Every structure is written in C-alpha cells, then in structure tokens.
Amino acid sequence: VHGLACIVVYDRDGVELHRTVRDGAMDVPLSPAILATFASTAEQIGKLHMGDGHIVCTYDKYTVVHGAAGSYAVCMVLEPGGNVGMAAARIPDLKAIFANA
C-alpha cells in the first residue's frame, strides 16, 4: 500500500500484539484507550451493516485506517498522500487471515 508507515495488530481491549514501522517512517503513538475504542466502533459498524467494518480517521500529519478482524483489530497508519482506499480494501483480506488464528 503506497504511503503505509505503520501497521499495528491489537486485541479488542487495545493491547498491542504486534507493531511494524517502515524504515524512516514516523512512529505514531496510539494509546490502548484509542485502540480499544476504534476496535469496538469498527465491530459495531460491521454488525449494523453500515460498511465492511473499518474506520478512517484523518489527522494533521497522517491518516489512520482501523478495521475489526474477528477477535483482533488492525490499525494502518498512512503518511500524507497514502492510498487510503487500498488500505481499506485490505481489511477483508486481513479478516480472512485472522479467521484462522
């Protein structure tokens, strides 16, 4: 995904399980409270059939795509000009991967 700076895998409680940061990219501080809130919100969006269970948040210096994937959630941080649509399109693929975990 063009412009992808960081991927964080976490559980529903906001506990980080894995974080990968691209070399030279900014490391975005994501608190457990923020991660847990977005995991819960993404899950509810999926239950209400209001989308495919992902949330896009835009900040000053980066864009964050959160998606619920079973009992896990994924946060993708993109730099300015990053391909948000492509990142959001990866959420169903991640759901398939985490379904077997």
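Which residue in strand 4 is the bridge partner of Val 56? The close-up views below start from that pairing and then move outwards through this predicted model.

**View A. Strand 3 meets strand 4 in a hairpin.** Val 65 is the residue in strand 4 that partners Val 56. Beside this pair, Cys 57 stands opposite Val 64 of strand 4. The two strands run antiparallel and are joined by five bridges, with four residues lying between them in the hairpin.

**View B. Strand 4 and strand 5 form a hairpin of their own.** Here two residues separate the strands, and Gly 70 in the turn has a positive phi of about 70°. Seven bridges hold the pairing of strand 4 with strand 5, again in the antiparallel sense. One pair to look for is His 66 with Cys 75, its bridge partner in strand 5.

**View C. Five strands make up an open sheet.** Follow the strands across and you will read the order 2-1-5-4-3, with antiparallel pairing. Strand 2 (16-21) and strand 3 (54-58) are at the edges; each has a single partner strand, so one side of each is left without a neighbour in the sheet. On average, neighbouring strands are turned by 15° against each other, direction ignored.

**View D. Strand 4 is mostly covered.** Seven of its seven residues are buried. Take a moment to sort the residues by direction: Thr 63, Val 65, Gly 67 and Ala 69 point one way, while Val 64, His 66 and Ala 68 point the other way, and all are buried. Helix 3 (residues 91-99) lies across strand 4, as well as across strand 1 (4-11), strand 3 and strand 5 (72-78). The helix runs at about 40° to strand 4.

**View E. Glu 79 and Arg 22 form a salt bridge that links distant parts of the chain.** The closest N and O atoms of Glu 79 and Arg 22 are 3.1 Å apart. Glu 79 sits in the loop between strand 5 and helix 2, Arg 22 in the loop between strand 2 and helix 1, and the two are 57 residues apart along the chain. With a relative accessible area of 21%, Glu 79 is partly exposed. Arg 22 is partly exposed too, with a relative accessible area of 38%.

**View F. Arg 19 and Glu 16 form another of the three salt bridges.** Their closest N and O atoms are 2.6 Å apart. Arg 19 has 23% relative accessibility and therefore counts as partly exposed. Glu 16, at 32%, also counts as partly exposed.

**View G. The side chains of Asp 93 and Arg 90 meet in a salt bridge.** The N to O distance for this pair is 2.4 Å. Asp 93 is partly exposed, with a relative accessible area of 38%, and Arg 90 is partly exposed at 32%.

**View H. Confidence varies along the protein.** The mean pLDDT is 83, and 95% of the residues reach 70 or more. Confidence is highest in helix 2 (residues 84-89), with a mean of 91, and lowest in helix 1 (residues 32-47), with a mean of 78. A friendly reminder for any close-up: where pLDDT is low, the predicted coordinates should not be read in detail.

Notes. Residues are numbered from 1 along each chain as its sequence is written. This is a predicted model: local features need pLDDT of at least 70, side-chain atom pairs count only at pLDDT 80 or more; totals for chains, interfaces and linings use all residues. Side-chain values use heavy atoms; hydrogens and water are left out. pLDDT is the predictor's confidence in each residue, from 0 to 100. Two strands pair if DSSP finds at least two bridges between them. Axes are lines fitted to C-alpha atoms, for helices over the stretch in contact, and angles run from 0 to 180 degrees between N-to-C directions. Contact means heavy atoms within 4.5 Å. Buried means under 20% relative accessible area, exposed over 50%, partly exposed in between (1.4 Å probe, protein chains only). A salt bridge is a side-chain nitrogen of Lys or Arg within 4 Å of a carboxyl oxygen of Asp or Glu.
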